[in-house]
Amino acid sequence: MIIYNVTVNVDKTINTAWLNWMKEHIPEVLATGKFKEAKLTKVLVADDETDTYSIQYRAHSREALDAYYAEDAERLRADGLKRWADKSLAFRTELEVIDEYSVNFN
């Protein structure tokens, strides 16, 4: 399993508008059919000027992620750059899930 992680530093002056846009953008990324789920999380760091978020997309496969890069990424990134380029900074990483654990309490 591959997780496509996008970490974004967002200027506090656009935080609410950016979050509202992300709630539209994430479904657009999922609509490509390359991912099975996504999580939007806030990175808990103290900073007076920016908030940091992580969006984790679980790809169906390595091939699906490669297809996303080839077919969809440029178009979907362009919208964010057009809207927020001077007020946000994004970087992307890929994570390979080695194993998963959970606990159930009865």
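Here are some exercises on this predicted model, each with a worked solution.

Before you start, note that residues are numbered from 1 along each chain as its sequence is written. Local features need pLDDT of at least 70 and side-chain atom pairs count only at pLDDT 80 or more, while totals for chains, interfaces and linings use all residues; side-chain values use heavy atoms, with hydrogens and water left out.

**Exercise 1. Find out how many helices and strands the chain has, and in what order they run.**

Start with the rule: helices (H or I, at least four residues) and strands (E, at least two) are DSSP runs, numbered from the N terminus. Now count, and you get three helices and four strands. Walking from the N terminus, you meet them as β-α-β-β-α-α-β.

**Exercise 2. Work out the strand order in the sheet and name the edge strands.**

Two strands pair if DSSP finds at least two bridges between them.

- Step 1: take β1 (residues 2-11) and β3 (residues 50-59), which are joined by ten bridges in the antiparallel sense. One of the residues to look at is Ile3, whose bridge partner in β3 is Arg58.
- Step 2: go on to β2 and β3, an antiparallel pair with eight bridges. Here Arg58 turns up again, as the β3 partner of Glu37. These two strands make a hairpin, with six residues between them.
- Step 3: put the sheet together, and the order is β2-β3-β1-β4, open and antiparallel. That leaves β2 (35-43) and β4 (88-96) at the edges, each pairing on one side only.
- Step 4: check the twist, which averages 20° from one strand to the next.

**Exercise 3. Which strands does helix α2 touch, and what angle does its direction make with that of β1?**

Use the contact rule, heavy atoms within 4.5 Å. Helix α2 (residues 62-71) packs on the sheet and touches β1, β2, β3 and β4. For the angle, fit lines to C-alpha atoms (for helices, over the stretch in contact) and take the angle between N-to-C directions, on a scale from 0 to 180 degrees. You get about 45° between α2 and β1.

**Exercise 4. Describe the largest nonpolar core.**

First, the terms: buried means under 20% relative accessible area, exposed over 50%, and partly exposed in between (1.4 Å probe, protein chains only). A nonpolar core is a set of buried Ala, Val, Leu, Ile, Met, Phe, Trp, Tyr and Cys residues joined through side-chain atoms within 4.5 Å.

The largest one holds 22 residues, and Trp18, Phe35, Tyr57 and Tyr68 have the most contacts inside it. Next, see who contributes: β1, α1 (15-30), β3, α2 and α3 (73-84) each give two or more residues. Helix α1 gives the largest share, six residues. Finally, zoom in on Phe35: its contacts include Tyr4, Leu65 and Tyr68, leaving aside residues up to four places away in sequence.

**Exercise 5. Is Ser102 buried or exposed?**

Find Ser102 in the segment after β4. Its relative accessible area is 70%, so Ser102 is exposed.

**Exercise 6. Sort residues of α3 into buried and exposed.**

Ala73, Leu76, Gly80 and Trp84 are the buried ones. The directions from the helix axis to their C-beta atoms cover an arc of only 85°, so these residues lie on the same side of α3. On the other side, Glu74, Arg75, Leu81 and Lys82 are exposed. The cover over the buried residues includes α1, α2 and β4.
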